[in-house]
Amino acid sequence: MTIAVERPETSADENAVSIVVEGLKARFGDRCSTSQALREQHGHTTTWLGNQPPDAVVFAETTEEVAEIVQLCAKHKVPVIPFGTGSSLEGHVNAPFGGVSIDLSRMDKILEVNAEDLDCRVQAGVTRKTLNSYIRDTGLFFPIDPGADASLGGMAATRASGTNAVRYGTMKDAVLGLTVVTAEGKVIRTGGRARKSSAGYDLTRLFVGSEGTLGIITELTLELHGQPEAISGGVCPFPDVDAACNAVITTIQMGIPVARIELMDSVQVRACNGYSKLDLAETPTLFLEFHGSEAGVREQSELFSSIAEEMGGGPFEWATAAEDRTKLWTARHDAYWAGKSLKPEASIMVTDVCVPISRLAECVSQTAQDIAARGLLAPIVGHVGDGNFHVQILVNLEDPAELQTTAEFVEQLSLRAIDMGGTCTGEHGVGQGKQKYLRREHGDALDVMQAVKHALDPDNIMNPGKILPQS
């Protein structure tokens, strides 16, 4: 069950919706559906927010088709909501004002790979796993790894991050250029294949993270990386969360080029042991991975082992065999489902924040204290190498008191992160769930965002009700 959300009174005009849907059915045939089940599938994802289905779903296959759909919707001022794989967590694909969901999953072509220049061009529906499988033989890989096999267009739209971000950055660092359909149905191209440019506004970065509120991303030019010569990694237990976080802070401050450094608190470790058949000590634990030469990864691992020992942690157990590392990282990516197994009858409310690395230990420790004080069951996991961590609250949505406690906890966590110089969301995005904190985080800059939105989408048809309050 999820929290019920009523459709606002300002929904699209029913007559306009009918005209648009009939026009789309005539043009796209069975690729335009008004099936209740399909509409609900496209109006709700892994979120505790209520299902707000669109009026219709259209499966587009080319940029030109997306433009055609948007032009029809724009003519009648009917909202459009882009849909990738539906793996977002803050209600990004809900349709609070009704409208048309444009499913981009069939736009799944890898258009070109330029191995010599370490870049590629793909349609928005290509998933990260598909891309990495396709380019494996070139000796290259795409490093952004949010866990879910998300579409690359969706990853750009939400400015996705993940386990490799501490070394390779986030989607804003990986995207060189975009093809975007604007609110009037015009096709524009931003950026290019050059690694830097001083020519005009950086429109690529404007659309990356805009969550479909400024335009629909249909193609991406992405930066690739060479596969490392050697990879080593493993797990390291710590006596408490403070010690684990301080080990992370020291590792980053010393400039050790760790590729992945992930935290699981004792509750999450217990969940993963049961769900993924591991036998880790049920204490706060760091998962690590180092990329580089054989000598380099050995040196990095030894340096980290020394840091961990100084913080009271260890031993650092290496996992050099590929199958052992895969098992560990599969367990990390299955943390959501592992957490749910602790209380199968509950719903999961997942939230994330990000703080400057120097405030990480303080923020995580205070969060753990809040969880205990409020009597919540809420495992903590995190991409702690860049100060980002997640809390998965298992909550009974039928219990008003428990629901209120959870909402108060999320608000306290979000405001704490902002007050520490951080953000209310490091990688999940704003969607519907984090709108209320943006004024606190951005101040008057929020008015500039509103102005940009109005300039590019004056009729407010592009994924309305997301990011900006009242939009």
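Trainee: Let's start near the end of the chain. Where is Asn463 placed?

Mentor: Asn463 belongs to the segment after helix H17 (445–456). Keep in mind that this is a predicted model.

Trainee: How do I read the phi of Asn463?

Mentor: General idea up front: most residues other than glycine have a negative phi, and most peptide bonds are trans. Now the case here: Asn463 is not a glycine, yet its phi is positive, at about 45°.

Trainee: And is Asn463 buried or exposed?

Mentor: Asn463 counts as buried because its relative accessibility is 2%, and the cut-off for buried is under 20%.

Trainee: Which phi does Leu118 have?

Mentor: Leu118, also not a glycine, has a positive phi of about 55°. You'll find Leu118 in the loop between strand S5 (110–114) and strand S6 (119–123). With a relative accessible area of 31%, Leu118 is partly exposed.

Trainee: What about the peptide bond between Gly314 and Pro315, cis or trans?

Mentor: Gly314 and Pro315 are joined by a cis peptide bond, with omega at about 0°. Pro315 sits in the loop between H11 and S15.

Trainee: On to rings. How many aromatic pairs does the structure hold?

Mentor: A pair of aromatic rings is described by the distance of the centres and the angle of the planes. There are six aromatic pairs in the structure. Take Phe141 and Tyr168: their ring centres are 5.5 Å apart and their planes stand at 90°, so we call the pair edge-to-face. That pair links distant parts of the chain, with Phe141 in strand S7 (residues 140–141) and Tyr168 in helix H6 (residues 165–168), 27 residues apart. Phe141 and Tyr168 are both buried.

Trainee: What geometry do Phe304 and Phe316 show?

Mentor: Edge-to-face for Phe304 and Phe316, at 5.4 Å centre to centre and 80° between the planes. Phe304 is in helix H11 (residues 294–310), while Phe316 is in the loop between H11 and strand S15 (317–318), so this pair ties together parts twelve residues apart in sequence. Both Phe304 and Phe316 are buried. Ring pairs also link Phe304 and Phe316 with Phe290 and Trp318 into a cluster.

Trainee: Rings can have a charge over them too. Which residue lies over the face of Phe28?

Mentor: That's Arg27, 4.5 Å from the ring centre of Phe28. Likewise, Arg106 lies over the face of Phe59, 4.5 Å from that ring's centre.

Trainee: Next, cysteines. How many disulfides turn up?

Mentor: A disulfide is a covalent bond between the sulfur atoms of two cysteines. Searching the whole structure gives zero disulfides.

Trainee: Why is Cys32 not bonded to Cys73?

Mentor: Distance. Cys73 holds the closest cysteine sulfur to that of Cys32, but the gap is 9.5 Å, too far for a bond; the cut-off is within 2.5 Å. Cys32 is buried, at 6% relative accessible area. The story for Cys354 reads alike: its closest cysteine sulfur is in Cys363, 9.5 Å away, too far for a bond. Cys354 counts as buried at 16% relative accessibility.

Trainee: Last one, the surface. Which residues form a nonpolar patch there?

Mentor: Tyr201, Leu203, Leu206 and Leu456 do, and together they have about 410 Å² of accessible area. Tyr201 is in the loop between strand S9 (187–191) and helix H8 (203–207). Tyr201 counts as exposed because its relative accessibility is 78%, and exposed means over 50%.

Methods:
Residues numbered from 1 in each chain as written. Predicted model: local features only at pLDDT ≥ 70, side-chain atom pairs only at ≥ 80, totals over all residues. Heavy atoms only, no water. Patch = residues over 30% accessible without salt bridge, like charges linked within 9 Å, V, L, I, M, F, W, Y side chains within 5 Å. Areas by Shrake-Rupley, 256 points an atom, 1.4 Å probe, with all protein chains shown as cover. Salt bridge = Lys/Arg side-chain N within 4 Å of Asp/Glu carboxyl O. Helix = DSSP H or I, 4+ residues; strand = E, 2+ residues; numbered from the N terminus. Buried < 20%, exposed > 50% of the residue type's maximum accessible area, 1.4 Å probe, protein only. Phe/Tyr/Trp six-rings, centres within 6.5 Å; stacked < 30°, edge-to-face > 60°. Lys NZ or Arg CZ within 6 Å of the ring centre and 35° of its normal.
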